[in-house]
Amino acid sequence: MKLSIGIVGLPNVGKSTLFNALLKKQVADAANYPFCTIEPNIGIIEVPDERLPVLARIVNTSRIVPAVVEFYDIAGIVKGASEGEGLGNKFLSHIREVAAIVHVVRLFEDPNVIHVANKVDPKNDMDTIEAELILADLETLKKQKEPRQNATKEEAATFEVARRLAEELNKGVSARDVTLNDEEKTLINKLNLLTMKPVIYAFNVSEAQLENQEEIKKRINEFGISGNWLFFNAKLENDILALSKEEQKEYLGQYRLEDTGLNRLIKKSYEILDLISFLTAGTLEARAWTIKKDTLAPQAAGTIHTDFEKKFIKADIVRYQDFVDCQGWNGAREKGKVVSAGRDYVMKDGDIVEFKVGA
């Protein structure tokens, strides 16, 4: 499945600088003025997975195919965007295409970098973006007409959920924070509401702030947001690109960081979207495949090819560490580490799989 993440925020908070670091090349204009990004820049980024090179060595293949994430660098939203202010609804429509949102928030102080409101106020900036997304969702919900007498049960139920959501949105409550059951979520998903999408807050801090991480965490906790956040320094993320992995680790260690902002962001994205990876390993390639948690074996097979789901017979599955310890499929089979799984098998992260399908 495709994992798509939209990077949003006010102008000049570091979105495009972060995006450049993600792509490891300058593809987004990081100029210091609002609306330098007009069309969303799209980049396909590899998901780091240290298991793949290990598998490749064991099965003797040179081809490694990691899972990927699509990042959309969406131009800065300003107050009034839902009414067309700035570049307005064009930006909001781009956000509808993604599975989750990374909301970049400026924590750093720098008089040389213009702030669209002429002051650095992270909580106000966060509220501004969320308010615009709420207003855009209200416009979407207004288009839901009251069902006619001959309306289907589904149409009537959808309208009722839309009405409830509109009431909450008018109170300033985002759609994701409204309690809905699974059936109601399914009914409303087709409206593609912006505030229904999960959000990761990415706080752009200065190098000086990085040296006092407890103070950063304390400040972020005062904003009253959930645990879906991380902090990074956009300049540092770009600076380390030219370094080797060992040098990167040493550099990050100076700031008590175990990993790059990119890797932490991808891991957090997987978490909030309930995603895992299963693996395939053979002479042709070692590859990671992205699926939702609790996906059954036949549906996982369908991510490789739609026919595999239809013609699924069984799946031979071995845990990653067992595969490594046994040095491949033959050793794993000899030691009884391979499970023959049927249609009701729930896939787990790190499962190495050979699917058996009919002709």
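Let's start with Phe278, which is buried, at a relative accessible area of 0%. Keep in mind as you look around that this is a predicted model. Trp289 is buried too, with a relative accessible area of 12%; that still counts as buried because the cut-off is under 20%.

Now for the aromatic rings. Counting ring pairs whose centres lie within 6.5 Å, you get seven aromatic pairs. One of them brings together the two residues we just met: Phe278 and Trp289 are stacked, with 6.3 Å from centre to centre and 15° between the planes. Phe278 belongs to strand S8 (residues 275-281) while Trp289 belongs to strand S9 (residues 286-292), so this pair ties together parts that sit 11 residues apart in sequence.

Next, have a look at Phe312 and Phe355. Their ring centres are 6.3 Å apart and their planes meet at 65°, so this pair is edge-to-face. Here the link is between distant parts of the chain: Phe312 is in strand S10 (residues 312-319) and Phe355 is in strand S12 (residues 351-357), 43 residues apart. Both Phe312 and Phe355 are buried.

How do these rings fit together? Ring pairs join Phe278, Trp289, Phe312 and Phe355 into a cluster.

Before you leave, go back to Trp289 for its charged partner. The charged end of Arg287 sits over the Trp289 ring, 4.2 Å from the ring's centre. So Trp289 is a good place to pause: this buried residue stacks with Phe278, has the charged end of Arg287 over its ring, and belongs to the cluster with Phe312 and Phe355.

Conventions
Residues are numbered from 1 along each chain as its sequence is written. This is a predicted model: local features need pLDDT of at least 70, side-chain atom pairs count only at pLDDT 80 or more; totals for chains, interfaces and linings use all residues. Side-chain values use heavy atoms; hydrogens and water are left out. Rings of Phe, Tyr and Trp (its six-membered ring) pair if their centres lie within 6.5 Å; planes under 30 degrees apart count as stacked, over 60 as edge-to-face and the rest as tilted. Helices (H or I, at least four residues) and strands (E, at least two) are DSSP runs, numbered from the N terminus. Buried means under 20% relative accessible area, exposed over 50%, partly exposed in between (1.4 Å probe, protein chains only). A charge sits over a ring if NZ of Lys or CZ of Arg is within 6 Å of the ring centre and within 35 degrees of the ring normal.
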